[in-house]
Amino acid sequence: MRVIAGSARGKVLQALPGEDVTRPTIDRVKEAMFSSVQFLVPGARVLDLFAGSGQLGIEALSRGAKSCTFVDQSPEALAVVKANCKAAGVERQSDIRHAEALSLLANLRGPFDLVLLDPPFHHGLLAQVLPALQEKVAPGGVILAESERDAELPEQVGSLVRTKQYFYGKIMVSRYEREGQV
């Protein structure tokens, strides 16, 4: 697993062994996700919820995001996030938090221009988290949500509208945009 583009391009990132705590996003999916938001990333405030190894948030920071808040409930995963941020040279723009996603969102200050979601598959977490995110996303902001291909996700959650879905083998990435003025 590596950083694809930007200031940390080519840096190799660590991941926890196995897929019970983290499941790294494959490069092809990560590249497509960031191609779809390439003009939004520079200067963006990013939230990497269910951070795992932190690779998605680190990719955003490497591509010019202003800051990234990394959130995971696994202390082991957060140790990897911290090491990866340091290795990529983005620790100064990183805010790493140990918390369960829904409880953190109740008190997290936004807004975020880009939210990256890659929760454990087959737990229905995206459907639970999306309503809590709508007030945390800046008007015109984007959520990229990675899930299993057959996940059933709503077309709209309050001010969040699903504008596109991308399919890569067993993976689906859903793009939600917050309605409102940019």
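**From Ser67 through the sheet and its helices**

Setting aside residues within four places of it in sequence, Ser67 makes contact with Ala44, Arg45, Val46, Leu61 and Gln93. The model in which these contacts appear is a predicted one. Ser67 belongs to strand β2 and is partly exposed, with a relative accessible area of 26%. The C-alpha atom of Ser67 is separated by 7.8 Å from that of Asp95, although the two residues are 28 apart along the chain.

Strand β2 is part of an open sheet of eight strands, which follow one another in the order β3-β2-β1-β4-β5-β8-β7-β6 with mixed pairing. The edges are taken by β3 (94–98) and β6; each has a single partner strand, so one side of each is left without a neighbour in the sheet. As background, strands of a sheet pair through backbone hydrogen bonds, in either a parallel or an antiparallel sense.

Both senses of pairing can be followed here. Strand β1, residues 45–49, pairs with β4 in the parallel sense over four bridges, and Leu47 stands opposite Val115 of β4. The pairing of β7 with β8 is antiparallel and comprises eight bridges; Val161 there faces Glu177 in β8. These two strands form a hairpin with two residues between them, and Gly169 in the turn has a positive phi of about 60°.

Strand β6 (residues 156–157) also pairs with β7 in the antiparallel sense, over two bridges. In this pairing, Gln156 is placed opposite Val161 in β7. Val161 thus stands opposite Gln156 of β6 and opposite Glu177 of β8. A hairpin is formed by β6 and β7 as well, again with two residues between the strands; its turn contains Gly158, whose phi is positive at about 60°.

The helices may be considered next. Helix α2 lies across β1, β2 (67–72), β3 and β4, and runs at about 175° to β2. Helix α1, residues 27–36, has Val29, Lys30, Ala32, Met33 and Phe34 as buried residues. These buried residues pack against α2 (55–62) and against the strands β4 (112–117), β5 (137–148), β7 (160–168) and β8 (171–178).

Helix α5 spans residues 125–133, and its buried residues are Leu125, Leu126, Val129, Leu130 and Leu133. Viewed down the axis of α5, they fall within an arc of 125°, so they line one face of the helix. The general principle is that an α-helix has 3.6 residues a turn, so residues three or four places apart point the same way.

Charged side chains add a further set of links. In general, side chains of opposite charge can pair when their charged atoms come close. The structure holds five salt bridges. In one of them, Arg175 and Glu177 meet through their side chains at 2.8 Å, N to O. Arg175 counts as buried at 13% relative accessibility, because buried means under 20%; Glu177, at 28%, counts as partly exposed.

Shared partners also join salt bridges into one network, made up of Lys30, Glu59 and Arg63. Within this network, Glu59 forms a salt bridge with Arg63, and their closest N and O atoms are 2.8 Å apart. Glu59 is buried, with a relative accessible area of 0%, whereas Arg63 is partly exposed at 23%. Lys30, the remaining member of the network, is one of the buried residues of α1.

A further salt bridge links Asp95 to Arg97, with the closest N and O atoms 2.9 Å apart. Asp95 is partly exposed at 30% relative accessibility, and Arg97 likewise counts as partly exposed at 30%. Asp95 is also the residue whose C-alpha atom is separated by 7.8 Å from that of Ser67.

The account closes with the segment before α1, where Lys11 is located. Lys11 is partly exposed, with a relative accessible area of 38%. When residues up to four places away in sequence are not counted, Lys11 touches Met1, Arg2, Val3, Ala87 and Ala88. Lys11 and Asn84 are 73 residues apart in sequence, while their C-alpha atoms are 9.0 Å apart in space.

Terms used: Residues numbered from 1 in each chain as written. Predicted model: local features only at pLDDT ≥ 70, side-chain atom pairs only at ≥ 80, totals over all residues. Heavy atoms only, no water. Buried < 20%, exposed > 50% of the residue type's maximum accessible area, 1.4 Å probe, protein only. Contact = heavy atoms within 4.5 Å. Arc of directions from axis to C-beta. Salt bridge = Lys/Arg side-chain N within 4 Å of Asp/Glu carboxyl O. Pairing = 2+ DSSP bridges. Axes fitted to C-alpha atoms, helices over the stretch in contact; angles between N-to-C directions.
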